[in-house]
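The following exercises concern one protein structure. Please work through each task before reading its solution.

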Amino acid sequence: MKFDTPAATNPIDQMKVVGKPTVRIEGSLKTCGRAPYAYEHHDAVANQAYGYVIGSAIAKGRITSMDLSDAESAPGVIVIVTAANAGKLGKGKFNTARLLGGPEIQHYHQAVAMVVAETFEQARGAAQRVKVSYSRHDGVFDLASVRDLGVESKEQLADSLHGDFDGAFAAAPVQLDATYTTPDQTHAMMEPFASMASWKGDRVTVWTSNQMIDWSVTDLAATLGLPKQNVRLISPYIGGGFGGKLFIRSDAVLAAIGSRLSGRPVKVALSRPLMINNSTHRPATIQRIRIGANRDGKITAMGHESWSGDLPGGKVERAAQPSQLLYAGANRRVTARLSVLDLPEGNAMRAPGETPGLMALEIAMDEMAEKLSIDPIEFRTLNDTQVDPVKPERRFSQRQLVECLRTGAERFGWSQRHRQPGAQRDGRWFIGMGVGAAIRANQLVKSGARVRLNDQGIVTVETDMTDIGTGSYTIIAQTAAEMMGLPLDKVVVRLGDSSFPVSAGSGGQFGANCSTAGVYAACVKLREAVAQRLGMDVLQAQFRDGQVSVGDQHLPLGAAARTGELVAEDSIEFGGLNKQYVQSTFGAHFVEVAVDSATGEVRVRRMLAVCAAGRILNPTSARSQVIGAMTMGVGAALMEELAVDKRQGFFVNHDLAGYEVPVHADIPHQEVIFLDETDEYSSPMKAKGVGELGLCGVSAAIANAVYNATGVRVREYPITLDKLLDKLPPMI
Ligand code: MOS
């Protein structure tokens, strides 16, 4: 189905199932431990062996020798995989560094070997007996030291220069010129990277934990030198990904190679201390923001320059990107520079670009509002735009940013905020409120599905879409139920298998809208097939309550499958509606914090997110997505930072003891409001995504609240107490 004109009224608009708060249909499997995660397919294939991955002890250089003899004679060892016996490996499209290193080493903890043994303990034990000698080369590990060597990355974020930024900024009566930094961050998902591989002839099946099945089949096939059809990926349940599992990692490749060499199915999980340097991370940024405005608060110059680093051939963090669209202003300069670093590979992490970008921009907007003596919400409202500021002929398909801000202000009690920083106290605590705006792109990605109807009136949906904890199973079931006129329990959903039609996958918050739109397309075909079997006119047929009706004629849906199962398959293919219109989601975050006047400890007291993100398919799981993202925003604001060893070139705190993320006790009352919105430009579902939107702008709202509480402006995340302690106002 081609989607290139705005969606008309369709069966989803009935909203009998779609749009209803619905608990996740696979929830009980998960809470009872019966949903098998990647490492838990214990019965899928017999005679499983265990792999244990060894990471490089240096960041850059060469392996000069590997002594495997001691390890090979250790109990239970079957084979040790290294670059020497792995065979010729190709390189997939999505990884920057090779997933099995050696002899050349590209980054710390790059996989250099995997021991395969009868048990996990034997594999781990033997791994300690592998002796690797290295020749270490100098590397570059400090972004600040090389930022001026950064180059434009045209295919990722080309410079956007509009009007006369320098002239307008120089002439502006009110100016802000400030630099902000965000640190490297790790995804810290619950489920580690894990895979099990098993060969039959020249075909390999890999059970894994992966967000994008088709990308990863493509990359695994390219790496192993196989035709794509010889690779099957199965990933039905995923314990979080946040972008870290968009691509195959070393576990999948090494499981496949280990299995080929040993003739056994091999399962591999990366240990937590290995995976943070072995896999990808959100790259650190340095961001200079310059805003010029008239005294009445209208922005005349908007400048956002961002610097980040990655391995050779890697990607820029597009932190400046949100400044292209969030606010009006005639003269603009938005740039990104990429420097070569020899740290582990940078890549996407939840709302890549927007997350670090808004961490900076939305502090800058707060600072600018203060310089102008305008309320921060009014300042943002004054500079709202309903069109692309650079291409005014492109309007936003929907843009309710101002409504998000106003609704939030009302609900949060913004009028209680003291404009003067440090003016509100509660015992030993300084109290403050902050706001941050959110924008995140609505991307449209082709997505397919197959639907089957049996004679019992059960509809089964099959698509390689994944559920990374987001609720895909449930919204897909809701979609099929709505389309076929069934209750939810008559729909079976099967996901995460490359033998199913290719979906959009879980990335960039596009999964919900695109994958359900693919199911919609397949169900349109199934409705046609049903009507044809029953001798009805599909345009007149009503699908409701498990029946198909035309006038007085009512037949059970299952009757259409009496002579054999009905199968329909289709995909949604998006035309140019996202070029004609800017498609984005919007939100506003409100935060109240308390800062301990003696210790500088920051406690978040209240949080509210208001989101405008198209039709909300399932308010229950959408809310979970947003509160999860808000929680992640607390981590980004106050805790999370991969500490870089700038001499040796690795992330020092590479486990969950050293890398701090929020726990329940850190998180207060959180409220989420979804504005009523349907966007007929996004898909027949009229939905968008919220999974990443919820993280956009929230950390800046916390930073702004800390400033409002204390008068201390921290521009270097995370806002740890050492950055506050010697600057706090005296307690009366
Ligand atoms: Mo997202 S960072 O595209 O999983």
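**Exercise 1.** How do the residues of the lining of the second largest pocket divide into nonpolar, polar and charged?

Solution. The model is predicted, so to speak of local features requires pLDDT of at least 70 and side-chain atom pairs count only at pLDDT 80 or more, while totals for chains, interfaces and linings use all residues. Residues are numbered from 1 along each chain as its sequence is written, and side-chain values use heavy atoms, leaving out hydrogens and water.

Step 1. A pocket is an open set of points on a 1 Å grid over the protein atoms alone, where a 1.4 Å probe fits, with protein on both sides within 12 Å along at least five of seven lines; lining residues have an atom within 4 Å of a point.

Step 2. Ala, Val, Leu, Ile, Met, Phe, Trp, Tyr, Cys and Pro count as nonpolar, Asp, Glu, Lys and Arg as charged, and the others, Gly among them, as polar.

Step 3. The lining comprises 10 nonpolar, 9 polar and 9 charged residues.

Step 4. Of the 28 lining residues, Q321, Q324, L325, R394 and A441 lie nearest the pocket's centre.

**Exercise 2.** Identify which residue lies over the face of W307, and which over the face of Y39.

Solution. Step 1. A charge sits over a ring if NZ of Lys or CZ of Arg is within 6 Å of the ring centre and within 35 degrees of the ring normal.

Step 2. R147 lies over the face of W307, 4.1 Å from the ring centre.

Step 3. Over the face of Y39 lies K267, at 5.1 Å from the ring centre.

**Exercise 3.** Are F3 and F574 buried or exposed?

Solution. Both F3 and F574 are buried (under 20% relative accessible area, with a 1.4 Å probe and protein chains only).

How values were computed: Buried means under 20% relative accessible area, exposed over 50%, partly exposed in between (1.4 Å probe, protein chains only).
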